[in-house]
Amino acid sequence: MNNPVLDAIKTRRVIRDMTDQPIETEKVEAILEAARWSPTGGNLKLNRFVVVNKPHTLRLLQMVSPGMFQRCPVVIVICVDWEVVRLRELPTHSRPIAMDVGGAAQTMMLAAHSIGLATGPVTSFSRSAVSVVLNLPDHLSPEMFVCVGYAAPKPQGGMRAYEKVTWRDLTYWDRFEKK
Ligand SMILES: Cc1cc2nc3c(=O)[nH]c(=O)nc-3n(C[C@H](O)[C@H](O)[C@H](O)COP(=O)(O)O)c2cc1C
């Protein structure tokens, strides 16, 4: 089965080699608007997004993020707003809090891919250092970066090649059965 959405899902890849070509503001805004439509637990919209595009701040982010291999023109930092968590009396370990971050990230990555941009998620960073770099108030915690840019033309290297896993390898019908 094929349609543009399924094609976008299947052709998006994590890109770690990007050019320094700036990204048009309307494209960044399109990614952020897509994230706004990402479903959230209880429709609470706990995420806040910090868009970093100043070279100095990007360099500082990279210095405190061992998992950030990209040199990219834009990083969108997905944060959780713990003030909303508190006001809504959610337990701090409530599972949707982390799930919403993943949903927002995937929505952003697909939206970016659909308009010709490359992305890569990053979770390996010092949260306390990123909070300082971004001057975040105590109630915002940085949870994930989405690095955004134009893919470099050369083939990417670095991380190991992933194995060919099919959806069948990952799926059980009706009840779990050992494969
Ligand atoms: C929750 C999560 C955290 C990730 N953290 C990092 C990271 O810190 N650095 C990185 O280079 N890639 C990170 N990735 C990217 C994965 O390594 C990537 O999705 C995987 O290599 C598959 O690539 P593909 O989406 O192109 O198939 C992360 C992905 C997810 C879903």
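How far is an oxygen atom of the ligand from an N or O atom in the side chain of Arg-13? In this predicted model, the separation is 3.0 Å, a polar contact in the sense of a pair of N or O atoms within 3.5 Å. The backbone joins in too: a polar backbone atom of Gly-67 sits 2.8 Å from a ligand nitrogen, and a backbone N or O atom of Pro-121 is 3.3 Å from a nitrogen atom of the ligand. On its own the ligand exposes 630 Å², of which the protein buries 63% (Shrake-Rupley areas, 1.4 Å probe).

Twelve residues surround the ligand, with Arg-12, Arg-13, Val-14, Arg-16 and Gly-67 the closest; a residue counts as near if one of its heavy atoms lies within 4 Å. Sorted by class, this shell holds six nonpolar, three polar and three charged residues, with Gly counted as polar and Pro as nonpolar.

Turning to the interior, the largest nonpolar core has 24 residues. Such a core is a set of buried Ala, Val, Leu, Ile, Met, Phe, Trp, Tyr and Cys residues joined through side-chain atoms within 4.5 Å, buried meaning under 20% relative accessible area (1.4 Å probe, protein chains only). Ile-23, Ile-31 and Met-108 are among the members that touch the most others. Helix α5 (95-114) gives the most to this core, seven residues. A second, separate core of 19 residues includes Met-18, Leu-58, Cys-72 and Val-130.

Residues are numbered from 1 along each chain as its sequence is written, and side-chain values use heavy atoms, without hydrogens or water. Local features need pLDDT of at least 70 and side-chain atom pairs count only at pLDDT 80 or more, while totals for chains, interfaces and linings use all residues.

Conventions: Buried < 20%, exposed > 50% of the residue type's maximum accessible area, 1.4 Å probe, protein only. Helix = DSSP H or I, 4+ residues; strand = E, 2+ residues; numbered from the N terminus. Polar contact = N/O pair within 3.5 Å; in protein donor to acceptor, adjacent residues only side chain to side chain.
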